[in-house]
Amino acid sequence: MLYINGQWCDAHSNQTFEVKNPATGDIVASVAKGDAVDAEAAITAAQAALQSWGKKTAKERYAYMKKAADILRSRTDEIAELVTREMGKPVAEAKGELGLAIDYLDWYAEEGKRIYGDTIPASATNKRIIVIRQPIGVVGAITPWNFPLAMITRKVAPAIAAGCTIVLKAASATPLSAIEIFKAFDEAGLPPGVVNLVNGSASAVVGAMMKSPVVRKITFTGSTEVGKELVRQSADTMKKVSMELGGNAPFLVFEDADLEKAAEGAIASKFRNAGQTCVCTNRIYVQKSVAKKFAEIIAEKMKLLVVGNGLDAGVNIGPLIDNQAIEKVEDQIADAMSKGATLISGGSRLMEGELAKGTFFQPTVLLHTTQEMKISREETFGPVAPIFEFETEEEVIQKANDTEFGLASYVFTQNLSRMFRVAEALEYGIVGINDPLPTVAQAPFGGVKESGVGREGGKYGIEDYLDYKFLSIQLEI
Ligand code: NAP
């Protein structure tokens, strides 16, 4: 179903598309496939709702958002299971993601109360300068499948807290998770048109958003390739853009690190969501003097990873999203092996028994990987951990920065001076220092270079949905 102007509806064309469970190949549901006509209807509804929503007090907006958050909280088990059936991540991870999705609603419900302006000393005694903050207007949002809940609230929560209205298109792999979030908005009683959901054809729905002069801001999370195209398209109507794009995260392990903790961290960061997160470790750099020991610890800990259907107890790695994802991983492994890498564990698609119905891949470790291999240049988005060796701090900083991406990076060391030296030299928006999982609602998430523009989360995330207005007042004094 689409959600337009406070109503659940079919696509105007009556077209639908199917959602497939990547663990079993089963069809989970058939959902409405929106197009440009549906998107235009949603944009019109969002425009009509903008004035009255913008005039509500922060406290009124807070009440709606808190209610939606509470509804989602009360449905944790059923929503988490749905996420697992729709895109494969283990139920425990899906619950964790829902917790984060709710955190964004809770946090921005409060932050909406702190949208402050300024007064500025004027240049004349009879003048006063005041700066007020106002909602930017109607927002177009596009989200990916790998965090099908949290990527939605990370956009919708700051947008509506700022007084904007929004039209969102979720990934075609995960429309059902999006529908659950919008059900909560509906049940919380948000006024018609404030939030609208139009799933369906990416080119048609997003195309309508990009063409519309009413849509003043585009917020996108997804691949760098699509992000660049949307930035180009946004030029015609000069939209403000936020782009949360791909990553190629380096994970640096120095000889003074706690190797046990570093290995646990590398596994947590590399294999979460089967390696399908934008902040997943992509390249593990280990100082030569401890590389052998580190590889042994990793190999031992990896024995604890259980691949399977995320609904089954004990499973901590689910399937990849589709066959294309498997092919990308296979291609990167073959390329690395042909250039001298050594396979330590894994390396193949899992085809035994029930697993053959899904898109499962063995957790894989490669040694002797180098900068020339595809795996060091491209985002892997799969459960493959390549281990690179380095000798000096200077060398590893150069190698870590040798990429067009700049989203997340990780440093494991117990030397305080090195922590700061290295963290400050890394060209990344996020540095996890002895911390493999840094994402929280109150901190700024986002990248530099081709990983994007703008930040989501925290006081920084609401800025993107606000404009400044300068009031110059002449008085009779
Ligand atoms: P994607 O292919 O770029 O798709 C993302 C969204 O864009 C989906 O809703 C998709 O719709 C839509 N889309 C696809 N092609 C489009 C086009 N030509 N015009 C307009 N919209 C289009 O990315 P994905 O495979 O879903 O997600 C994985 C990527 O997202 C990875 O690169 C990952 O690093 C990145 N990501 C980044 C962050 C971050 O915060 N930086 C967070 C999560 C993921 P359809 O599904 O209908 O094709």
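Let's start with the small sheet. It is open, with 3 strands in the order β5-β6-β20, and the pairing is antiparallel. Strands β5, residues 118–120, and β20, residues 466–474, are the edges, and each pairs on one side only. From one strand to the next, the twist averages 25°. A word of caution before I go on: this is a predicted model.

Now look at β6, residues 127–135. Strand β6 pairs with β20 over 9 bridges, in the antiparallel sense. If you want one pair to find on screen, take Lys127, which stands opposite Gln474 in β20. As a reminder, strands of a sheet pair through backbone hydrogen bonds, either parallel or antiparallel.

On to the other sheet. This one is also open, with 7 strands and mixed pairing. Read across, the order is β14-β15-β16-β13-β12-β17-β18. Which strands stand at the edges? They are β14, residues 342–345, and β18, residues 430–433. Each has a single partner strand, so one side of each is left without a neighbour in the sheet. Here the twist averages 25° from one strand to the next.

Inside that sheet, pick out β13, residues 281–287, and β16, residues 384–390. These two run parallel and are joined by 4 bridges. Val286 has Glu389 in β16 as its bridge partner.

Two helices to note here. Helix α9, residues 259–271, packs on the sheet. The strands it touches are β12, β13, β15, β16 and β17. The direction of α9 makes about 170° with that of β12. Then there is helix α13, residues 393–401. Helix α13 lies across β12, β13 and β16, and runs at about 170° to β13.

Next, helix against helix. Take α3, residues 76–87, and α6, residues 175–187. Their axes come within 8 Å and cross at roughly 160°. Angles over 145 degrees count as roughly antiparallel, and that makes α3 roughly antiparallel to α6. On the α3 side, the residues are Ile79, Leu82, Val83 and Glu86. They meet Pro175, Leu176, Ser177 and Glu180 in α6.

Compare α4, residues 91–111, with α5, residues 150–161. These axes also come within 8 Å, but they cross at roughly 5°. So α4 is roughly parallel to α5. From α4, the contact uses Glu97, Leu100, Ala101, Tyr104, Leu105 and Tyr108. From α5, it uses Ala150, Thr153, Arg154, Ala157, Pro158 and Ala161.

Hold on to Arg154, and let's turn to the ligand. There are 28 residues around the ligand. Which of them come nearest? Arg154, Ser172, Ser223, Leu245 and Glu379. So much for the list; now some distances.

Ser172 has a polar side-chain atom 2.5 Å from an oxygen atom of the ligand. Glu379 has a side-chain N or O atom that is 2.5 Å from a ligand oxygen. Gly222 uses its backbone: an N or O atom there lies 3.3 Å from an oxygen atom of the ligand. How much of the ligand does the protein bury? Taken alone, the ligand exposes 910 Å², and the protein buries 81% of that.

That's the tour. Happy to go back to any of these on screen.

Note on methods. Residues are numbered from 1 along each chain as its sequence is written. This is a predicted model: local features need pLDDT of at least 70, side-chain atom pairs count only at pLDDT 80 or more; totals for chains, interfaces and linings use all residues. Side-chain values use heavy atoms; hydrogens and water are left out. Two strands pair if DSSP finds at least two bridges between them. Axes are lines fitted to C-alpha atoms, for helices over the stretch in contact, and angles run from 0 to 180 degrees between N-to-C directions. Contact means heavy atoms within 4.5 Å. A residue is near a molecule or strand if one of its heavy atoms lies within 4 Å of it. A polar contact is a pair of N or O atoms within 3.5 Å; within protein, one must be able to donate a hydrogen and the other to accept it, and residues adjacent in sequence count only if both atoms are side-chain atoms. Accessible areas come from the Shrake-Rupley method with a 1.4 Å probe; for residues, only the protein chains shown count as cover. Angles under 35 degrees count as roughly parallel, over 145 as roughly antiparallel, 65 to 115 as roughly perpendicular and the rest as oblique.
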